[in-house]
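Please follow this explanation with the sequence and the coordinates side by side, since it moves from one region of the chain to another.

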Amino acid sequence: MTDPRSDNRTATPWADPLLDPLFTTDAAADAFSPAARLQGMLDFEAALARAEAAVGVIPSHAVAAIEAACKAGLYRLDALGAEAALAGNTAIPMVKHLTRRVKAADEESSRYVHWGATSQDAMDSGLMLQLRRFLDALDADLAALADGLADLADRHRATPMVARTWLQHALPTTFGLKAAGWLDALGRDRQRIAAARARLALQFGGAAGTLAALGDAGPAVAEALAAELDLPLPALPWHASRDRVTEPASALGILAGTLGTLGRDISLMMQMEVGEAFEPAGPGRGGSSTMPHKRNPVSCAVLLSAAIRAPALVGGLLAAQVQEHERGLGGWHAEWQALPDLCRLAAGAARHARETVAGLTVDAERMRANLDLTRGLILAEAVTMALGDRMGRMAAHSRVAEASRRAAEAARPLRDVLAEDAEVMQALGADGLDRLFNPLRYTGSAGHFIERVLTDHRGAKRQQD
């Protein structure tokens, strides 16, 4: 038997080739791959050399040799990892190996590797570069998802369906309003993520956050370094102030909840007993290993899985925010795997949501038929409000409640039971009852709300363009 560990057919860029394709995306896996983590630190080191040379802290001839060695492909990740297990972080062995490689090319230049910086500067600034790249790719998926939701809301403005509260039939609504609700929440998620992205910033403070090793040149180097990396220059180093990590993490956790809500709703609508909307169908999608007829909500499962797992990751990052003095112990280390895991989950959920919404099958006829399952009870409030004008709200409520009880017990349409009540007929008439039992006449301000959400969406798109 072939040993799968030596079988080149299992070669793949995924960290976990069995599960990553389901739960994350190529872009997220790439942004937070071990090679990307290393390259982020090396990008910091190359930019630091350029900045310090520009300010006159190191000789300009040292830049070329340092830059040439700042390529992740030149290093063995397993060797760096083994040394990190002893050193306590990945930057320490990275700097050692980088210096050795520069020295092999130009011994004089190797003296200026990592000049005046500390390990956390390289790791945090590298993380900021990874996060920026990740968040830009994520927003592209979220923008496409938002457009898909806007299309659903617009096309189904007048598609009546059951509104459910506590999982029970409540009143008529429209599918357009449901889609608009998803879109509205997603719009706020994107705003939160954009705000967090804008606060990603350079980390550069040296050993204790004072840049003492650079003397008077510290501020000038920091400014040049920020420009090199195209990262905002903060007022001061933030080694132990971790809000620049927990803010995007919190926004991603909320996003996971938004997408989980979408997944919950669609999965409930996909139940055979409901049958109102379905994930896209395709070869190999949503099948069962034993039941050929199954059409399982596989994307909804991913959305719900992310919504279940994200809070624990966010909670861990929030707990890690409390760090000691100028540089923390343990809390910083707790971020290194939790944040990438959260990002990968959020990206996978966003991809599945985008694909599901883009290919969603909506059964408007089934939605309309489900409105009739209670034989008109769903419109009891409409009748109560109409009768309330004539006999007072409480009296009308009691009369309609009694008629609803009798209708349910006898499995008769509520309209027929009400038509037997002389006082109701005198107040409303046959035509009035007919109008009250038309679901589309009792969707309230649904159309107005949909239009407001779509207007906000169009405005946000114009601002981005």
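**From the C-terminal domain to the core**

Over residues 375-454 the chain is 75% helix and 0% strand, and the C-alpha atoms at the two ends of this stretch stand 34 Å apart. The model is a predicted one, and the boundaries of this stretch come from UniProt, where an unreviewed entry places the feature "domain: Adenylosuccinate lyase C-terminal" at residues 375-454.

We turn next to the nonpolar interior. The largest nonpolar core has 107 residues, of which Phe134, Phe204 and Leu252 touch the most other members, and helix 8 (residues 119-155) gives the most to this core, with 16 residues. Leaving aside residues up to four places away in sequence, phenylalanine 134 touches Ala28, Ala31, Phe32, Leu252, Cys343 and Ala347. Apart from the largest core lies another one, of 22 residues, and among them are Val162, Ala380, Met391 and Ala407. As a general background to such groupings, nonpolar side chains in soluble globular proteins tend to be buried together.

A pair of helices closes the tour. Helix 3 (residues 34-55) and helix 4 (residues 62-69) pack with their axes 9 Å apart, at an angle of about 170°; because angles over 145 degrees count as roughly antiparallel, helix 3 and helix 4 are therefore roughly antiparallel to each other. On the side of helix 3 the contact is made by Glu45, Ala46, Ala49, Arg50 and Ala53, while helix 4 brings Val63, Ile66 and Glu67 to it. Sorted by character, the residues of this contact between helix 3 and helix 4 comprise five nonpolar and three charged ones, with no polar residue.

Conventions. Residues numbered from 1 in each chain as written. Predicted model: local features only at pLDDT ≥ 70, side-chain atom pairs only at ≥ 80, totals over all residues. Heavy atoms only, no water. Axes fitted to C-alpha atoms, helices over the stretch in contact; angles between N-to-C directions. Helix = DSSP H or I, 4+ residues; strand = E, 2+ residues; numbered from the N terminus. Parallel < 35°, antiparallel > 145°, perpendicular 65-115°, else oblique. Contact = heavy atoms within 4.5 Å. Nonpolar A, V, L, I, M, F, W, Y, C, P; charged D, E, K, R; others polar. UniProt positions renumbered as here; feature names shortened; annotations may be inferred. Core = buried A, V, L, I, M, F, W, Y, C linked by side-chain atoms within 4.5 Å. Buried < 20%, exposed > 50% of the residue type's maximum accessible area, 1.4 Å probe, protein only.
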